[in-house]
Amino acid sequence: MREDFGARYAANGFVGLVFAATGPVAVILAVGQQGGLSAAEIASWIFGVFFLNGVLTVLACWVYQQPLSFFWTIPGTVLVGPALTHLTWPEVVGSFVVTGLLVLGLGLTGWIRRAMAAVPMPIVMGMVAGVFLGFGLDLVRSVTADALITVPMVAVFLLLSWHSGLGRRIPPVLGALVVGVIAVALSGRFTGGFGSGDWLARPVLQTPVFSGQAILELVVPLAITVLVVQNGQGVAVLRSAGHTAPVNTVTIACGTWSVLTSFTGAVSTCLTGPTNALLTASGERSRHYVAGICCGALAVVFGLFAPLFTGLMLGAPEAFITVLGGLAMLRVLQSSFVTAFSGRFTLGALITFVVTVSDVQLCNIGSAFWGLVAGLGVSWLLERSDFTAARS
């Protein structure tokens with residue numbers, strides 16, 4: 001570790017943490033507010049996804065000597081918001097526990113590759129696009145409703161995205177965050193403060209309630225987002241950088257940690273794609289694991305101060321959180337549409353997208369689950385040749 005350490009790898013680890021702590025955290029805050037969670041429950045959620053997953057990241061990078069950054073499933077987080085309109089928080093936490101056990105079982109049995117291949121990626125991404133579409137719509141509404149704060153954020157995001165040189169030095173979402181903070185401060189609408197003294201994490205331990213409705217609605221979509229969307233992307237990113245991720249071990253770790261973090265109210269753990277891409281952005285391949293260890297260690301620190309960061313973010317106007325989360329999701333939404341509608345299974349992906357967006361509930365089960373069922377059914381009936389081509 002001493003021989004491999006270098007400023008470049010520490011900087012990559014810091015950038016990876018900054019990415020996770022900006023837009024993705026805004027998604028948690030938006031979903032938590034939408035679901036009526038208290039500030040303490042949201043802070044506990046953030047503690048779980050940073051502190052506990054940071055520990056896992058450090059251990060995995062150290063043992064395997066390669067960058068293996070674990071955080072949480074962002075599509076799974078978005079699924080929670082609509083579910084909280086008719087499910088209680090303990091029921092949702094119970095579905096987190098069952099999801100972790102399912103993922104752990106698939107890892108222990110070695111069936112993970114078969115499970116990942118069972119659902120075509122375009123259909124999965126059709127569901128993801130439908131779930132994420134709300135963030136894009138909320139972004140537009142917030143820009144028109146609170147222009148003094150949101151327009152500068154969007155302008156800086158576009159500038160940094162357009163100017164590749166600046167964008168490499170300052171991630172666009174980070175630039176939007178900084179400008180948004182300045183705009184909120186100048187507007188005098190910040191309602192948070194530093195005087196409460198509750199800066200250190202005090203996890204709110206949850207008692208899960210195992211509801212058949214919640215399990216049917218959330219477990220399968222959550223497991224798919226972990227195994228297919230997030231872990232599949234993470235493995236592909238690492239492979240493109242010359243690393244061979246231990247797929248079964250990664251799956252077992254995700255399942256075990258998903259159960260552990262669920263008791264703090266945290267959504268399921270996954271191997272991240274974007275963060276691992278940032279960790280492997282530069283430097284020697286054999287030293288990339290150092291960036292992963294630095295990222296994990298910084299995540300532990302961030303998790304310890306979760307109440308402080310949560311209070312500061314929640315003290316800003318609602319439009320600030322909404323726009324930050326929407327900007328963070330734009331590229332993911334774009335890639336979801338591209339993957340869903342650029343190859344095979346396009347009709348099934350379209351049906352999945354339409355049903356998911358409809359927000360229909362049958363048997364008190366949310367639209368994401370029914371979107372997958374409808375898309376798979378239509379593809380099985382009308383796109384059989386695509387299944388044959390995919391298998392070959």
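Student: What phi does G36 take just after α2?

Tutor: In this predicted model, G36 takes a positive phi of about 75° just after α2. Local features here need pLDDT of at least 70 and side-chain atom pairs 80 or more, whereas totals for chains, interfaces and linings use all residues. Residues are numbered from 1 along each chain as its sequence is written, and side-chain values use heavy atoms, without hydrogens and water.

Student: How do you know that the span of α2 is close to the expected one?

Tutor: Helix α2 (a DSSP run of H or I, at least four residues, numbered from the N terminus) comprises twelve residues, 23–34. The expected span, 1.5 Å times one less than the number of residues, is 16 Å, and α2 reaches 16 Å from its first C-alpha to its last.

Student: Why is α2 called largely enclosed?

Tutor: Nine of its twelve residues are buried (under 20% relative accessible area, 1.4 Å probe, protein chains only; over 50% is exposed, in between is partly exposed), so α2 is largely enclosed by the rest of the structure. Among the buried residues of α2 are I28 and V31.

Student: Which residues is W45 in contact with, beyond its neighbours within four places in sequence?

Tutor: W45 is in contact (heavy atoms within 4.5 Å) with residues including I28 and V31, and also W89 and T264.

Student: What makes L381 count as exposed?

Tutor: L381, which lies in helix α18, has 67% relative accessibility. That value is over the cut-off for exposed, so L381 counts as exposed.

Methods
Helices (H or I, at least four residues) and strands (E, at least two) are DSSP runs, numbered from the N terminus.
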